[in-house]
Amino acid sequence: MTGEGMGDRRPLASRNTRWAQTLARRMTALSVTPNQISQTSMLMAALAGGSFWLSGAAGGAGIRVALLILAALFCQLRLLCNLLDGMVAVEGGKGEADGPFWNEFPDRIADILIFAGVGCGIAMPGLGWAAAAFAVLTAYVRELGRATGNPSDFGGPMAKQHRMAVATGAALLSIIEALWSGGSWVLTAALWIVAVGSAVTVLRRAGNLVGHLKTTASTRKSESISGKHDA
């Protein structure tokens with residue numbers, strides 16, 4: 001299945017970097033739990049979404065630029081929390097019984113907060129909610145696959161890290177737009193990219209899952225027929 005991770009973990013190159021491993025070890029040594037880190041990711045997302053929202057109503061270019069910088073920063077801090085919670089839980093051996101819930105639930109809330117915030121900030125809430133809905137659906141299909149006994153599909157083109165890259169990049173590019181024209185074309189384009197890209201991701205993952213289910217069913221049927229003949 002395209003985009004499969006190792007077990008239920010998203011394949012991330014950053015997990016193997018020295019800075020991430022050092023930071024994870026320091027977090028593990030503290031009394032911080034993986035669940036608390038996951039919960040913090042929702043706070044970072046709320047701050048990112050709020051910054052995007054407020055940037056649309058900012059009175060001056062300077063304030064808008066500051067809010068866009070904060071939005072980009074909080075988007076990246078959300079991803080950092082997502083990286084560290086798994087590393088502290090797995091590599092640090094601090095996993096908890098309710099860890100699977102906190103591993104998934106905050107991510108869904110985070111996507112909604114960020115993209116709805118962008119949509120409200122550019123006075124296009126419907127587009128923001130559409131991007132959020134398709135973002136949530138990408139995770140739904142992945143979890144549906146896992147629930148049916150198949151590997152987790154983390155494939156793109158608009159997986160979580162891609163969505164945050166688009167949001168972060170759009171926030172930074174919007175700084176130039178804020179200083180030049182004061183428009184919101186960049187963020188509008190970013191929401192369309194996320195919405196359409198997430199929809200494609202949903203269809204791609206769904207196709208992979210359906211194909212995997214059919215292959216598994218066909219294999220079991222063949223094995224059953226072969227077993228009857230052997231008997």
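**Figure 1. The surroundings of Arg78 in helix H3 of the predicted model.** Leaving out residues up to four places away in sequence, Arg78 touches Ser41, Met44, Asp107, Ala110, Asp111, Ile114, Lys160 and Met164. The residue belongs to helix H3, which covers residues 61-90, and with a relative accessibility of 0% Arg78 counts as buried. The reader who wants to follow this view in the structure can start from Arg78 and look for the listed partners one by one, including Asp107, Asp111 and Lys160.

**Figure 2. The salt bridge between Arg78 and Asp111.** Side chains of opposite charge can pair when their charged atoms come close. In the pair shown here, Arg78 and Asp111 form a salt bridge in which the closest N and O atoms are 3.2 Å apart. Which parts of the chain does this pair tie together? Arg78 lies in helix H3 and Asp111 lies in helix H4 (residues 99-121), so the salt bridge ties together parts that are 33 residues apart in sequence. Both partners, Arg78 and Asp111, are buried.

**Figure 3. Asp111 and Arg163, and the network to which they belong.** Asp111 also meets the side chain of Arg163 in a salt bridge, with a distance of 2.9 Å from N to O. This pair links distant parts of the chain, since Asp111 is in helix H4 and Arg163 is in helix H6, 52 residues apart. Asp111 is buried, and Arg163 is buried as well. In a wider view, Arg78, Asp107, Asp111, Lys160 and Arg163 are linked in a network of salt bridges, and the structure as a whole holds eight salt bridges.

**Figure 4. A salt bridge between Arg142 and Glu143.** The side chains of Arg142 and Glu143 meet in a salt bridge, with 2.9 Å between N and O. Are the two partners buried or exposed? Arg142, at 3% relative accessibility, counts as buried, whereas Glu143, at 22% relative accessibility, counts as partly exposed.

**Figure 5. Glu177, a buried residue without a salt bridge.** Glu177 has its place in helix H6, which covers residues 160-180. Although Glu177 is buried, it has no salt bridge, and the nearest side chain of opposite charge, that of Arg64, is 4.9 Å away. That distance can be set against the cut-off used here, which asks for a side-chain nitrogen of Lys or Arg within 4 Å of a carboxyl oxygen of Asp or Glu. Apart from its neighbours within four places in sequence, Glu177 is in contact with Gly182, Gly183, Ser184, Trp185 and Val186.

**Figure 6. Cysteines without a disulfide.** A disulfide is a covalent bond between the sulfur atoms of two cysteines. A search of the whole structure finds zero disulfides. Cys75 is in no disulfide, and the nearest cysteine sulfur, which belongs to Cys81, is 12 Å away. Cys75 is buried, with a relative accessible area of 0%. Cys120 is likewise in no disulfide, with the nearest cysteine sulfur, that of Cys75, 15 Å away, and Cys120 counts as partly exposed at 24% relative accessibility.

**Figure 7. A nonpolar patch on the surface.** Which residues form this patch? Met124, Trp192, Val196 and Val200 form it, and together they have about 360 Å² of accessible area. One of these residues, Val200, has its place in helix H7, which covers residues 185-230. Val200 is partly exposed, with a relative accessible area of 41%.

**Figure 8. Gly62 and Ile175, with the whole protein as a setting.** Gly62 lies in helix H3 and, at 54% relative accessibility, counts as exposed. Gly62 and Ile175 are 113 residues apart in sequence, yet they are 9.4 Å apart in space, from C-alpha to C-alpha. Across the protein, residues 24 or more positions apart account for 81% of the contacts that have a separation of 6 or more. The secondary structure comes to seven helices and zero strands, and the C-alpha atoms fill a box of roughly 80 × 40 × 25 Å along the principal axes. Of the 231 residues in the protein, 42% are buried, and the accessible surface comes to about 11600 Å², with 68% of it belonging to carbon and sulfur atoms.

Conventions:
Residues are numbered from 1 along each chain as its sequence is written. This is a predicted model: local features need pLDDT of at least 70, side-chain atom pairs count only at pLDDT 80 or more; totals for chains, interfaces and linings use all residues. Side-chain values use heavy atoms; hydrogens and water are left out. Helices (H or I, at least four residues) and strands (E, at least two) are DSSP runs, numbered from the N terminus. Buried means under 20% relative accessible area, exposed over 50%, partly exposed in between (1.4 Å probe, protein chains only). Lys and Arg count as positive and Asp and Glu as negative; His and the chain ends are not counted. Contact means heavy atoms within 4.5 Å. A disulfide is a pair of cysteine sulfur atoms within 2.5 Å. Patches are made of residues with over 30% relative accessible area and no salt bridge: like charges are joined within 9 Å, nonpolar side chains (Val, Leu, Ile, Met, Phe, Trp, Tyr) within 5 Å. Accessible areas come from the Shrake-Rupley method with a 1.4 Å probe; for residues, only the protein chains shown count as cover.
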